[in-house]
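Student: Hi! Could you walk me through one part of this fold?
Tutor: Happy to, let's pull it up.

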Amino acid sequence: MNEKALRILEYPKVIAKLTEFADSAPGKGLCESLVPMDDLSAIVSAQNETEDATSYIIRLGKISFGQNRDLSFSLNALSLGSSLSAAELLHLAAAAECAGKVHKYGAKEHETDEDNTLTPYFEGLIPLPDVAKEIRRCLISEEEVADDASAELSKIRRQKLSCNDKMHEVLSQMVNSFRTYLQDAVITTRNNRYCLPVKAEYKNSVPGMVHDRSKAGSTFFIEPSQVVEYNNRLQELESLEKEEIEKILATLSALAGEHIEEFASNAKILTRLDFLFAKGKLALSMKAGKPEYVSERIIELHKARHPFIDPAKVVPIDIKFGEDVNLMIITGPNTGGKTVSLKTTGLLCAMGQAGLHIPASTLSKLCVFRDIFADIGDEQSIEQSLSTFSAHMTNIISILKKADRHCLCLFDELCAGTDPAEGAALAIAILKNLQQKDALTLATTHYSELKIFALSAPGTLNASCEFDVETLTPTYHLLLGIPGKSNAFAISSKLGLPGEIIEEAKKEVTENQISFEDLLSDLDHSRKEIEAKEQAMEEDRERIEVLRLELEEKNAELARKRENVLRKANEEARDILQDAKDTADEAIRSYHKGGDIRTMEKTRANLREKIKDRSKNLSEKQTPVQTSKSLTAEEIKKGDYLEILSMKMKGTVQSLPDAKGNMMILCGAMQVRANIKDVRRSEAPVDLDKTSSKSGKKGNYSGKFSKAMNISPEINLLGQTADEAIANLDKYLDDAYLSHLHSVRVVHGKGTGVLRDAVARHLKKLSYVKDFHLGEYGEGDAGVTIVEFK
């Protein structure tokens, strides 16, 4: 692609920004070599990779590729059988560790998502943890090898330490003995051998070997004869240590050499991933999105922004042309944003074809260009245009020679810098030539002739950069389909140019030109009115949508609350019923066992208090129900039929109210103490005495217990489901217990054991069951369960 055009469009600045986001030197190199492509499938693939890298960063955070290095030299050395230095081995260990971390990073995302374009890269990484671990174990740093790198090295270093300690002990004693002979009471080294700094006049008093002397000649550095053997031994051990370290490095190199292909493959993949993640980071920093690439020739940018204008100040633009429109002419005042629109369009096309996301809406659509040409002046910046006519024309001629339907051509102030009439005519001719070649062309101009040309020429679209005459400031909005005004008279008047000069200037303008400018003003006014109405309608739609969402949320909340209330009510009702059943069962058992009346009365009183508490809680939430008038002690007689309100029980009065209003009421077979404030009159049942006499029994509970008197000592559950069997068994055991049976037989059969296990689980829950076991030989074996009551 045309390098000059890319430079004018500031594409190298994008690449420089991209390179900053790469972590490794190889990754940065890949970024620096990125150029726009012209193959649709390759561009789409690159865009998908950028999108997936961005998704990884958003979901899992950033991953560092800083340990990735160019390992080609080290790997070549290993292939030749050479040994690597400690630094090179540590670089290999770092690269292996980096591959392991990146592989794990990719596997984490793969667990929660489908395969994407980066999955093959992550799966292609081969972690080498054993190699990295061994290198790290042996090498502490580039200059230091660990003592335990080998047993021999550890032995040599222990010997060195011992020899060194002994030699320092001897030298320390000599320092104390020959202190007057010494220049300083220190131990120093010369030629890697330990010496003492002896004064020149005493050099013969200290036997040993002279290794050096000071420049002034006042100090001789003598190796005492007593430590010569130690120094020799130390030199020997250092040689052995060096040889052992070389062996260790050779061993580590051989270990790494077994994985040359893995290291090379990992380095290539890590470099590629570093490059792709740099593109993802760039996209996030620019708040960029993935454009849709189509085979049709079209440019459709929505909310496009120039990446190097302050995001707080930049005004997004919408550009759409192509297909039937191959030429767009942008007009408007100076500094209105024409050049920015031009550069934004060209730069975003180049970025997209390089596989980079563009700072625009993801609804944007682009096509592939073989080349992009730009004539925006020599060294032109976004803020200012400075070029000569000849320089422009030279560049335009070059563009005309190469342009075709696969190219995008950008012209800023086409044919400016010469006579306006000739320049306008020349510009129209150039644009017609490009239209004949079917090249997509975007041009800016101040020439009114070009505005008129765009209104009538087929395949041409007018556009303008909006300008607020009242404030003398551009809005930078690009308006499609509407030519712009230069507003020279209005701007000059606002700036203070005398009115007579402006009037004189208007006389020089032809009537046709004035009519054309007035028409543009009317179009602009009509456009603003329509936009205002559309904005009001859009705001109304947004308010309606907000209200709709709020209503849906309120309805959902009401439904949730209703469901919670019903669930809670059902749970409370279940607990109440279970509690009532347990209390009734216990009362009946106590009654049949001849329980103490005091204990029963105490239980009844506790139950009544519990009912009162629940009634009180309900009364706080419910509207009180009107009841009949309270009774007085004089109105109550023995035999009256009353209802105890708190207990929802009815019975006949057995004793008149005492001083506290308490009385005894016979409710069925139970006598209940009640207070006069808690009773109301109730309709008496039909002839209770006759009903009792016909049954041949005394009391009011004969009907309920008559069945229990003839209870069978065995229940057959064969052929029933577990739920049916447990329901029937529960009722049967209650009747059997009330009939004072000591034990019963439950026939459930053998089968698969499901019914037998269900019966056993149910029996464990019953408090009145003393014990149960499977039948023995002659009792039905495992097909029968014997139940004993307490």
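**A sheet and its helices**

Tutor: In this predicted model, four strands make up an open sheet with mixed pairing, in the order β20-β21-β23-β22.

Student: Which strands stand at the edges, and why is one side of each left without a neighbour?

Tutor: Those are β20 (714-716) and β22 (769-774). Each has a single partner strand, so one side has no neighbour in the sheet.

Student: And what does the twist average?

Tutor: From one strand to the next, the twist averages 20 degrees.

Student: How many bridges join β22 to β23?

Tutor: Five, and β22 runs antiparallel to β23 (residues 784-789). As for a particular pair, valine 769 has phenylalanine 789 in β23 as its bridge partner.

Student: Cool. Which helix packs on the sheet?

Tutor: That's α23 (residues 754-765), which touches β21 (743-747), β22 and β23. The direction of α23 makes about 160 degrees with that of β22.

Student: Switching to helix pairs: how do the axes of α22 and α23 cross?

Tutor: The axes of α22 (residues 722-738) and α23 come within 10 Å and cross at roughly 40 degrees. The two helices are therefore oblique to each other.

Student: Is that crossing left-handed or right-handed?

Tutor: The crossing of α22 and α23 is right-handed.

Student: Which residues meet there?

Tutor: From α22, Ala722, Ala725, Ile726, Leu729, Asp730 and Leu733. They meet Leu755, Ala758, Val759, His762 and Leu763 in α23.

Student: How do the residues of that contact divide into nonpolar, polar and charged?

Tutor: Nine are nonpolar, one is polar and one is charged.

Terms used
Residues numbered from 1 in each chain as written. Predicted model: local features only at pLDDT ≥ 70, side-chain atom pairs only at ≥ 80, totals over all residues. Heavy atoms only, no water. Pairing = 2+ DSSP bridges. Axes fitted to C-alpha atoms, helices over the stretch in contact; angles between N-to-C directions. Contact = heavy atoms within 4.5 Å. Parallel < 35°, antiparallel > 145°, perpendicular 65-115°, else oblique. Left-handed = near helix turned anticlockwise from the far one by under 90°. Nonpolar A, V, L, I, M, F, W, Y, C, P; charged D, E, K, R; others polar.
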